[in-house]
Amino acid sequence: MKIEDPLTGATTSIPNQRTRAKGKTTASPASTSSNGKDSVEITTTSAQLSQMEDTLNQLDTTETGKLEAVRQAVAEGRFQVNEEAVANALVQSSIEHLKRQGRK
């Protein structure tokens, strides 16, 4: 199978091999074509990455004023890190991550 990069025009050849690795899902027999055409398999990890990318693209990044104020404070040596707030946020983030992974 050949894939052409629309930006550079370069062509890349990809071998048509179906591999089965730990953590990957393969297409069911009903979803494979019988006429010999290539097929694409999406792993669960790839699907999760795509979902995360969609979520990140929806984040509001318009707080440029706040960002600029922090940059200025750092440049002037006035920026103070609230260690307790950072530690609490880190612990909370870790707890949420563990819950998402099914551990409590």
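Accessible areas here come from the Shrake-Rupley method with a 1.4 Å probe. Keep in mind throughout that this is a predicted model.

**Exercise 1. Take stock of the whole protein: what is its accessible surface, and which elements does it have?**

Solution. Begin with the surface: the protein exposes about 9,700 Å², and carbon and sulfur atoms hold 53% of that area. Next, look at burial, where 2% of the 104 residues count as buried. Then turn to the elements, which are 3 helices and 2 strands. Reading from the N terminus, you meet them as β-β-α-α-α. Finally, consider the contacts with a separation of 6 or more: residues 24 or more positions apart account for 3% of them.

**Exercise 2. Check the geometry of helix α2: what should its 13 residues span?**

Solution. The expected span is 1.5 Å times one less than the number of residues. For the 13 residues of α2 this gives 18 Å, and the end C-alpha atoms are 18 Å apart, so the two values agree. Now step past the end of the helix: Gly 77 follows α2, and its phi is positive, near 75°.

**Exercise 3. Find the salt bridges: how many are there in the whole structure?**

Solution. A search turns up 2. One pairs Arg 71 with Glu 68, with the closest N and O atoms 3.7 Å apart. That distance passes because the cut-off is 4 Å. Both Arg 71 and Glu 68 sit in helix α2, 3 residues apart, or about one turn of the helix. Glu 68 counts as partly exposed because its relative accessibility is 41%. Another salt bridge joins the side chains of Glu 76 and Arg 78, at 2.5 Å from N to O. With 45% relative accessibility, Glu 76 is partly exposed as well.

**Exercise 4. Examine Thr 43: is it buried or exposed?**

Solution. First place the residue: Thr 43 is in the loop between β2 (11-13) and α1 (44-57). Its relative accessible area is 19%. Buried means under 20%, so Thr 43 is buried. Last, follow its side chain, which reaches the backbone nitrogen of Ser 46 at 3.1 Å.

**Exercise 5. Map a nonpolar surface patch of about 410 Å²: which residues make it?**

Solution. Pick out Val 70, Val 74, Phe 79, Val 81 and Val 86, which together form the patch. Then locate one of these residues in the fold: Val 74 belongs to helix α2, residues 64-76.

Note on methods:
Residues are numbered from 1 along each chain as its sequence is written. This is a predicted model: local features need pLDDT of at least 70, side-chain atom pairs count only at pLDDT 80 or more; totals for chains, interfaces and linings use all residues. Side-chain values use heavy atoms; hydrogens and water are left out. Patches are made of residues with over 30% relative accessible area and no salt bridge: like charges are joined within 9 Å, nonpolar side chains (Val, Leu, Ile, Met, Phe, Trp, Tyr) within 5 Å. Helices (H or I, at least four residues) and strands (E, at least two) are DSSP runs, numbered from the N terminus. Buried means under 20% relative accessible area, exposed over 50%, partly exposed in between (1.4 Å probe, protein chains only). A polar contact is a pair of N or O atoms within 3.5 Å; within protein, one must be able to donate a hydrogen and the other to accept it, and residues adjacent in sequence count only if both atoms are side-chain atoms. Contact means heavy atoms within 4.5 Å.
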